[in-house]
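Dear colleague,

Please find below the structure that I am handing over to you, together with its sequence. My notes on it follow, and I would ask you to read them with the structure open.

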Amino acid sequence: MDMGIKGKWALVCGASKGLGLGCAQALAAEGVNLVLVARGVGALEAAAAAIRQDAPGVQVLTAAGDITSEGGRAAALSVAGGPGTAFDMLVTNAGGPPPGDFRAWDREAWVKALDANMLTPIELIKATVDGMAQRGFGRIVNITSSAVKAPIDILGLSNGARSGLSGFIAGLSRSPLAAQGVTINNLLPGAFDTDRLKAVIAGASEKSGKSQDAIAEARRQTIPARRFGQPAEFGAICAFLCSAHAGYITGQNVLADGGAYPGAF
Ligand code: NAP
């Protein structure tokens, strides 16, 4: 299927690894020009070089920096040779907050989580969405978490901050932007095989004394698909939500979790 988005520009955050990289690769395969953001320059440049090789007709620019900081966002929105703020697509993403007990989290921990997983996406949307509406086309995909639908107690910072974003998006996506060609959706990963999941498994192994393989296998057994998701399949969903064909899908929380969420709705 031709996604109908060749030549458009996407800002993809958290794009040097994992799910963000999967989204960037899938968009590049559809001919979308990219500005990629991550903090570590080495991995970011390696990701950009690999995408340039796989999708030679596509422009791939990088903005190394922390997307949760004002400076990082400003740099991403003004990369030389890029579209400035005139992006057609925006994929918001940043690292998730640490797990723990809510009794140990002070105001600073909460503000950090809210900054990364709620306010940063909102700031990026604020900077880009009106231009999208004026041009009559826009696609915004926020990478959140299956924990928004099925909160996990030790991920309270994530549950809280991402639920705040989800509530905000539910309203904004149904604003007049919806009639101006702009869709805004959240893409909710369950367990995907990325560095982050590996770190979670390593942490659980250290805590329990069980091997990493045993922890990973036990986790796989909780998923009806009996496997972890691959970043490429997550990216393919993102590319479809960004496509010309997905103009009638907005304000949704799209879950990709191998069937782990047990509810009917
Ligand atoms: P990952 O493999 O660790 O990749 C994270 C990417 O984001 C890296 O490119 C990282 O590069 C970049 N990044 C992190 N913080 C950043 C910041 N402040 N500014 C700019 N770039 C930043 O993680 P992932 O598994 O793809 O996870 C992506 C998101 O999905 C996270 O919010 C995670 O909590 C959520 N999630 C993941 C899973 C899963 O199973 N993988 C499940 C549920 C939710 P640098 O570190 O160099 O900046």
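I begin with helix α2, which spans residues 41-54 and lies across β2 and β3. Relative to β3, this helix runs at about 175 degrees. Please bear in mind that the model is a predicted one.

The strands just named belong to an open sheet of seven strands, paired in parallel and ordered β3-β2-β1-β4-β5-β6-β7. At its edges stand β3 (60-64) and β7 (253-256); each has a single partner strand, so one side of each is left without a neighbour in the sheet. On average, and with direction ignored, neighbouring strands of the sheet are turned by 15 degrees against each other.

Within the sheet, β1 (residues 9-13) and β2 (residues 33-38) are joined in the parallel sense over five bridges. Val-12 has Leu-36 of β2 opposite it.

A further helix, α8 (residues 231-241), lies across β4 (89-92), β5 (138-143), β6 (182-189) and β7. Its direction is about 165 degrees to that of β6.

Finally, I turn to a pair of helices. The axes of α6 (residues 195-208) and α7 (residues 212-221) come within 8 Å and cross at roughly 115 degrees, and the crossing is right-handed. Which residues make the contact? From α6 they are Leu-197, Ile-201, Ala-202, Ala-204, Ser-205 and Ser-208, and from α7 they are Gln-212, Ile-215, Ala-216 and Arg-219. Of the residues in this contact between α6 and α7, six are nonpolar, three polar and one charged.

Yours sincerely,
A colleague

Terms used
Residues numbered from 1 in each chain as written. Predicted model: local features only at pLDDT ≥ 70, side-chain atom pairs only at ≥ 80, totals over all residues. Heavy atoms only, no water. Axes fitted to C-alpha atoms, helices over the stretch in contact; angles between N-to-C directions. Helix = DSSP H or I, 4+ residues; strand = E, 2+ residues; numbered from the N terminus. Left-handed = near helix turned anticlockwise from the far one by under 90°. Contact = heavy atoms within 4.5 Å. Nonpolar A, V, L, I, M, F, W, Y, C, P; charged D, E, K, R; others polar. Pairing = 2+ DSSP bridges.
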